[in-house]
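Welcome! Here is a short tour for someone meeting this protein for the first time. Take a look at the model below, then read on.

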Amino acid sequence: MAKFEVMDHPLIQHKLTMIRDKNVGTKVFRETVREISTLMTYEVSRTMPLKDVEVETPICKTTKKSLAGKKVAIIPILRAGLGMVDGITEMIPAAKIGFIGMYRDETTLKPHEYFVKLPEDIAERQLFIVDPMLATGGSAVMAIDALKKRGAKETAMKFVSLVAAPEGVKAIQEAFPDVDIFTAALDDHLNEDGYIVPGLGDAGDRLFGTK
């Protein structure tokens with residue numbers, strides 16, 4: 001089974017509680033989502049491989065560690081996933097960015113794919129699939145499947161969310177057991193409308209000021 005981690009760092013928990021507040025405006029919500037994403041990147045990237053490199057300091061030559069191996073691509077699930085991209089690229093500025101567009105049928109709660117645009121070398125990259133909310137898991141599973149169909153390796157994928165429901169975590173683990181899952185919070189359950197409880201509402205609407 002792949003890794004499943006809930007990040008309980010005090011700064012992450014504090015900032016997540018801030019944006020759960022329904023009275024927080026778009027500006028603060030957007031900025032805080034970016035900050036949480038930056039903080040989460042430290043742990044999500046922990047297993048990135050290193051290599052020895054020679055460097056000359058002002059004192060002497062020495063051999064130290066530098067990143068090696070697969071390069072990174074960030075894959076936001078549109079549209080809410082866009083809110084997490086800038087925070088990650090602050091730490092990994094050379095990452096390429098792909099896009100997977102999904103919308104949810106409000107009657108069936110099923111996702112529908114409408115757009116996919118990816119780097120050409122997607123099969124050679126480590127992929128951070130990002131979406132603030134992991135609710136039913138339908139969009140996440142469909143996004144992972146879309147990447148696999150285009151040559152991406154399941155073992156190279158990491159799904160990153162701010163808030164997850166147990167149902168969504170289970171859906172990914174059952175469909176794609178080799179995909180790592182990182183979240184800042186594992187909430188209680190989904191309500192009858194498919195929203196995470198207690199959650200933070202519709203992340204896309206709160207990021208972009210829409211209804």
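Which residues line the largest cavity? In this predicted model, the lining is made up of Ser 37, Met 40, Thr 41, Val 44, Met 84, Ile 88, Phe 128 and Val 160. Helix H2 (26–44) and helix H3 (82–89) are the elements that each give two or more residues to this lining. The top contributor is H2, with 4 residues. Sorted by class, the lining holds 6 nonpolar and 2 polar residues, and no charged ones. The space inside comes to about 30 Å³, and the structure has 1 cavity of 30 Å³ or more.

**Annotated sites and the largest pocket**

From the cavity we can turn to the largest pocket, with some help from UniProt. An unreviewed UniProt entry gives the annotation "binding site" to Arg 79, Arg 104, Asp 131, Pro 132, Met 133, Leu 134, Ala 135, Thr 136, Gly 137, Gly 138, Ser 139 and Asp 202. Among these, Arg 79, Arg 104, Asp 131, Met 133, Leu 134, Ala 135, Thr 136, Gly 137, Gly 138, Ser 139 and Asp 202 belong to the lining of the largest pocket. UniProt also lists Ile 196, Gly 201, Asp 202 and Ala 203 under "binding site", again in an unreviewed entry. Of these, Ile 196, Gly 201, Asp 202 and Ala 203 are found in the lining of the largest pocket.

Here are some of the annotated residues, with their places and relative accessibility:

| Residue | Place | Relative accessibility |
|---|---|---|
| Arg 104 | strand S6 (residues 99–104) | 24%, partly exposed |
| Asp 131 | loop between strand S8 (125–130) and strand S9 (133–134) | 11%, buried |
| Ile 196 | strand S13 (residues 196–197) | 8%, buried |
| Ala 203 | helix H6 (residues 203–208) | 3%, buried |

What surrounds Asp 131, leaving aside its neighbours within four places in sequence? Asp 131 is in contact with Ile 77, Ala 80, Gly 81, Met 84, Phe 159, Val 160, Ser 161 and Leu 162. Two of these names may look familiar, since Met 84 and Val 160 also line the largest cavity.

With the same kind of neighbours set aside, Ala 203 is in contact with Phe 29, Ala 80, Pro 132 and Met 133. Ile 196 touches Met 133 as well, along with Leu 134, Ala 135, Val 163, Ala 164, Ala 165, Asp 187, His 189 and Leu 190, not counting residues up to four places away in sequence.

**Two residues around strand S1**

Now let us visit the start of the chain. Is Glu 5 buried or exposed? Glu 5 lies in strand S1 and counts as buried because its relative accessible area is 18%, under the 20% cut-off. Its side chain joins that of Lys 3 through a polar contact of 3.0 Å. Beyond neighbours within four places in sequence, Glu 5 is in contact with Glu 43, Ile 181, Phe 182 and Thr 183.

His 9 sits in the loop between strand S1 (4–6) and helix H1 (10–20). With a relative accessibility of 43%, His 9 is partly exposed. The side chain of His 9 reaches the backbone nitrogen of Leu 11 at 3.0 Å. His 9 and Ala 184 are 175 residues apart in sequence, and their C-alpha atoms are 8.6 Å apart in space.

Conventions. Residues numbered from 1 in each chain as written. Predicted model: local features only at pLDDT ≥ 70, side-chain atom pairs only at ≥ 80, totals over all residues. Heavy atoms only, no water. Buried < 20%, exposed > 50% of the residue type's maximum accessible area, 1.4 Å probe, protein only. Polar contact = N/O pair within 3.5 Å; in protein donor to acceptor, adjacent residues only side chain to side chain. UniProt positions renumbered as here; feature names shortened; annotations may be inferred. 1 Å grid on protein atoms, 1.4 Å probe; cavity = no way out; pocket = protein on both sides within 12 Å on 5 of 7 lines; lining within 4 Å. Contact = heavy atoms within 4.5 Å. Points joined across faces, edges and corners; volume = space filled by probe spheres on them. Nonpolar A, V, L, I, M, F, W, Y, C, P; charged D, E, K, R; others polar.
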